[in-house]
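Let's take a walk through this structure together. Have the sequence and the 3D view open as you read.

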Amino acid sequence: MRSSVNIKILILFLGPSLIVLTVFFFLPVIAAFFLSLTDFDIYSLGNISYLRFVGFENYVQLLNDPLFWTALKNTFYFVLVGGPLSVVVSLGTAVLLNSKFVPFKKLFRLIYFLPVVTTLVAVSIVWKYIYHPRFGLLNYFLSLFNIGPLDWLGNPSLAMPSIILMAIWKNFGYNMIIFIAGLQNIPLELYESASIEGANAWQKFKYITIPMLAPTTLFVSVITMIGYFQLFAEPYVMTQGGPLNSTLSIVLYMYQEGFRWWNIGYSTSIAFMLFVIILIGTIIQFKLQKEKYV
Amino acid sequence: MYRTKKYLIVCLAIIIGVFTFLPFLWMISASFMQTGEANIYPPKLLPSKIDFSHYKTLFTNLDLSRYLINSLIISLGVTFFSLIVNSMAGYAFAKFKFSRKKSLFNFLLSSMIIPAQVTMLPVFLMLKKMGLINTYFAIIIPGMASIFGIFLIRQYALSIPDSLIEAARIDGASEFLIYRKIILPLCKPILVTLGLFTFMGTWNDFLWPLIVMTDSSMYTMPVALANLMGEHVQDTELMMAGSVLTIIPVLIVFLALQKYYMHGILMGSVKE
């Protein structure tokens, strides 16, 4: 380790990043909390003297706001159904591509990964047309099996599942890469000795692969959950939160309240609720994982 | 039995590949169809003849080149400045010795759990006060430092031997010269990786540009596309052409440097 550097050098190297992070991240977090305790709205935006301190009124109002509960319910639906499905698909495709039978592994990996890097807005638009009730590819495909036609994005009970399907398609490649790396770190001897003892493929998967991947799975689950709680662009582009608010998410509601109606105090309280939910969710996942494997 | 299993696995891989790729194929194909051709039943998979008119419309009537330029300036600007700022901090966290270093670094890491949405309204109000709304700076300045970027560089810089830095110091090199002539060249692979992440992340970002670019001439590609979608929802072929153009720049960058990108995912997923 090097000897202590003098303070000027330290400021030169750390200063720029710490200033940017403080001014545009840490102070705004604190400011947001104070804003959430005020009734900052479009009038206060014009004249700051209209600003009133209201304590936790916004939060109380939030808990009595049916739209917030709808947004909360929809977001949890997306996270609790879409998240695990997404992780399972990632693990499944990782195991598949790790199989010695699959040729052109690199090509397959690349194709599976493409949705990850493409612009969410662009692919949301493409999927909106794939889901088209009359001309969409999906309904045409299903009609070959005598199913449908279904109004995927227009039907309140189908809209969120449709968004989940698209989100899985968009995201599974990212976690797949992490799972492939995790799979390659499992010592082959474990599988060999299991084979000698007569274990079948499923038993090997259940008793070797799953436990050995536990740390990877925890990481993947946490980042997927955090990302999924921030659902925004898909409903913004595909459904505008409809039909009947069935795809209104927390961030979409925050955006509408804050940047469309300029209810700034109220909107920041929504953002803080999101933060608290993500924090609790992360703690729960760490606890669950610990109890299971450590 | 063994053979059937093998064929089943290969078939499954191909089927998943087709489902993953089909939306892209259809998007490209439909972008070359004549107006209305994508809205017939049963759907056509290929255009009857290649029609470039939607691409032409996008550039002539809808001024897409302006949005492309906006997106390029913003993405390259954020990438350039954040590489400098984050690499300096990452190097300092890896190699400088100072009190409270560990607690400061841990504090930064743990604050990564705070979702960006929390800060959006205060930052918007602040930028508005500074008169930076509707300027490139509204996206470039807040994007200049990222905790993830500092983390990534630090992890990599830890592997640089101290003796190398020490030797340069004895030779009388200044700290900045060491950073410039030794650290930056040695960190090149991770700088490419982080640059790629930053460029693609900024290009694909939607919520923040939607908020701070209120004037349509300042829209980025995703914001312009989402806005077009509101006005031209019936015009499937035009929207597909717009989607193709939004996706192509990131796709080219990704395909050229995918090795680094994949590496970055794994670097980010292994903490400590």
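We'll begin with confidence, then look at the cavities, and finish with the salt bridges.

First things first: what you see is a predicted model. How confident is the predictor overall? The model scores an ipTM of 0.93 and a pTM of 0.94. For chain B, the average pLDDT is 93, and 99% of the residues score at least 70. Within chain B, helix 6 (residues 137–140) has the highest confidence, at 98, while helix 8 (residues 162–170) has the lowest, at a mean of 91. As a rule of thumb, predicted coordinates should not be read in detail where pLDDT is low. Keep helix 8 of chain B in mind, since we'll come back to it.

Now for the empty spaces. The structure holds two cavities of 30 Å³ or more. The largest cavity has about 40 Å³ of space. Which residues line the largest cavity? From chain A come A:Tyr129, A:Phe135, A:Gly136 and A:Leu137, and from chain B come B:Trp26, B:Ala38, B:Pro43 and B:Lys44. So both chains have a hand in this lining, because the list holds residues of A and of B. Sorted by character, the lining of the largest cavity has six nonpolar residues, one polar and one charged. The charged one is B:Lys44 and the polar one is A:Gly136, because Lys counts as charged and Gly as polar here.

The second largest cavity offers about 30 Å³. Its lining is made of B:Leu64, B:Met221, B:Ala224, B:Leu225, B:Leu228, B:Gly242 and B:Thr246. Two elements of chain B each give two or more residues to this lining: helix 12 (221–231) and helix 13 (236–269). Helix 12 of chain B supplies the largest share, with four residues. The lining of the second largest cavity splits into five nonpolar residues, two polar and no charged.

On to the charged pairs. Counting over all chains, there are five salt bridges. In chain A, A:Arg52 pairs with A:Asp39, and their closest N and O atoms are 3.3 Å apart. This one ties together distant parts of the chain: A:Arg52 sits in the loop between helix 2 (42–46) and helix 3 (57–63), A:Asp39 sits in the loop between helix 1 (7–35) and helix 2, and the two are 13 residues apart. Are these partners buried or exposed? A:Arg52 is partly exposed, at 48% relative accessible area, and A:Asp39 is partly exposed too, at 23%.

Over in chain B, B:Lys95 and B:Asp162 form a salt bridge, at 2.9 Å from N to O. Here again distant parts of the chain are linked, with B:Lys95 in helix 3 (residues 64–95), B:Asp162 in helix 8, and their positions 67 residues apart. B:Lys95 is buried, with a relative accessible area of 5%, whereas B:Asp162 counts as partly exposed at 26%.

That brings us back to helix 8 of chain B, where B:Glu166 and B:Arg169 both lie, three residues apart, or about one turn of the helix. Their side chains meet in a salt bridge at 4.0 Å, N to O. B:Glu166 is partly exposed at 28% relative accessibility, and B:Arg169 is partly exposed at 26%. The story doesn't stop with this pair: salt bridges that share partners join B:Glu166, B:Arg169 and B:Glu175 into one network.

Methods:
Residues numbered from 1 in each chain as written. Chains lettered and ligands numbered in written order. Predicted model: local features only at pLDDT ≥ 70, side-chain atom pairs only at ≥ 80, totals over all residues. Heavy atoms only, no water. pLDDT = per-residue confidence, 0-100. 1 Å grid on protein atoms, 1.4 Å probe; cavity = no way out; pocket = protein on both sides within 12 Å on 5 of 7 lines; lining within 4 Å. Points joined across faces, edges and corners; volume = space filled by probe spheres on them. Buried < 20%, exposed > 50% of the residue type's maximum accessible area, 1.4 Å probe, protein only.
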